[in-house]
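Good morning, and thank you for joining. I should like to take you through one structure, beginning with its empty spaces and ending with a single residue.

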Amino acid sequence: AKKMGDPDNLFFFPPTFVLPEDYNELDIELQNKKPKTYICKPDGGAQGAGIFLLRSGQEHKLQPSDKYVVQRYIHKPLLLDGYKFDLRLYVLVTSVDPLRCYLFTDGLARFCTQQYAPPNSKNMDQVYMHLTNYSLNKFNKEGFVKNDEDNGECASKRSVHTVIEQMGALGHDTAAVWSDITKCCLRTVAVKFPHLWQTYHSTVLNEEGPSMGFQIIGVDIMFDHQLRPWLLETNNGPSFNMDQDIDRDIKLKVVEQALTMVKTLYRQPLPKPPPAAQAPMLESEVLALRKRRWDAHVKAEAWEAKCIAEEEAESRYFLLEDDKLSKLFPLLRPEVTESFEMAARLGDRDRLGIRPLTPPKLATALKYLGVLDGKRVSRATVDLLYIELIKDQHRPGRNDKEGITLELFGRALNTLAVRLYPAAPTGVDAVDLMLNECSAARVKFEAE
């Protein structure tokens, strides 16, 4: 993200270290004598349990085997009435191929219950000041304010609508705030897309076109003092507990509308997996499957738009879309996922979903894209790249038993592009140049 040099592109989450993989890099950072604060969250933790702050230049208790997500602390957050807060937004993903997702127009704002002061050696352990987790702050008898009819604007849990209105009253451009929230949420889903795509296609066997699943993702965002939104974390299973009326008002609508949008009108029962021994899958079969999937997408999108139109504008989902997103996230380009799927499925006998690519299938996918041309990129280069990606234990998406996932395929494209276009300003630009210049050699799959 730092290499992008453009806040409007990828720099939307604080510097983050995932332990134990990134322990050495974090240890070097923590040796920096310039004071920087980090927030440490235990892997698999929930409701604020086990979270603590630490500062660089001081001894720390982290060990190389610990499992934590360590994130740079936003030490100058946007405050309302002197209190720090974050926003919980809800993103509904109704399809991953093609990607189709929606953001709910309301959400929950969770406030600290002790007025904020920048972290220092004396207040580092004051959780009610630094942690916005509702599950912690509701136990602060002196500072917690329950949301009711009389104090909704000063409660410790408020609607996102209320907070946006309060930001507008302070002179902030609320339209720009929502635009930034939308951009942050969409790019968050784009980052998760390779994992969602691979998981779906390896789980849904012998699909017949319609999307067979959906997910509501909780997205937590915090604004800094310059009104820049930062992604704090995502929740694949956000809490739908309802211990206040504000919870019921928002969470019920989030779930009810989602279920209406994904009702079985455009879905079909999952067919039984076919027998293991079959003839190799042909190009015509894959193209027919992709066409059914696209036709189902068009029908589903129309139905979801109809559902949205019947809801109140203040509390409903709206489609997240950005025509420029595929340049920043090349794996969203249709020709990339098509080449990956064709390479994975062609010749497959058991038809048990899209599996990670073996070295020959990786070469095939790159050939379909026009990247493997035998001149600038040879088969030997691809084989060495496969080994390099599989052996790198610090890269997410590693699977040394199965092969190259879609996420690692994206890293393969980036590695090749940076080598071919060293003068490109960023890796994103290099991949864009490579794919555009290789488009003439790309295999065009067309249904009969």
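I shall speak about a pocket, a cavity and one side chain, in that order.

This is a predicted model, in which local features need pLDDT of at least 70 and side-chain atom pairs count only at pLDDT 80 or more, while totals for chains, interfaces and linings use all residues. Residues are numbered from 1 along each chain as its sequence is written, and side-chain values use heavy atoms, with hydrogens and water left out.

A pocket here is an open set of points on a 1 Å grid over the protein atoms alone, with protein on both sides within 12 Å along at least five of seven lines; a cavity is a set where a 1.4 Å probe fits but cannot get out, and lining residues have an atom within 4 Å of a point.

The second largest pocket is lined by 34 residues, with Pro-98, Leu-99, Trp-294, Leu-332 and Pro-334 nearest its centre.

Turning to enclosed space, the second largest cavity is lined by Gln-257, Thr-260, Met-261, Cys-307, Ile-308 and Glu-311.

Finally, consider Val-163. Is this residue buried or exposed? Val-163 is buried, because its relative accessible area is 0%, and buried means under 20%. Its contacts, counting heavy atoms within 4.5 Å, are Leu-80, Phe-85, Leu-87, Ala-109, Phe-111 and Arg-158, leaving aside residues up to four places away in sequence. Of these, Ala-109 is 54 residues from Val-163 in sequence, yet their C-alpha atoms are 7.1 Å apart in space.

Technical notes
Buried means under 20% relative accessible area, exposed over 50%, partly exposed in between (1.4 Å probe, protein chains only).
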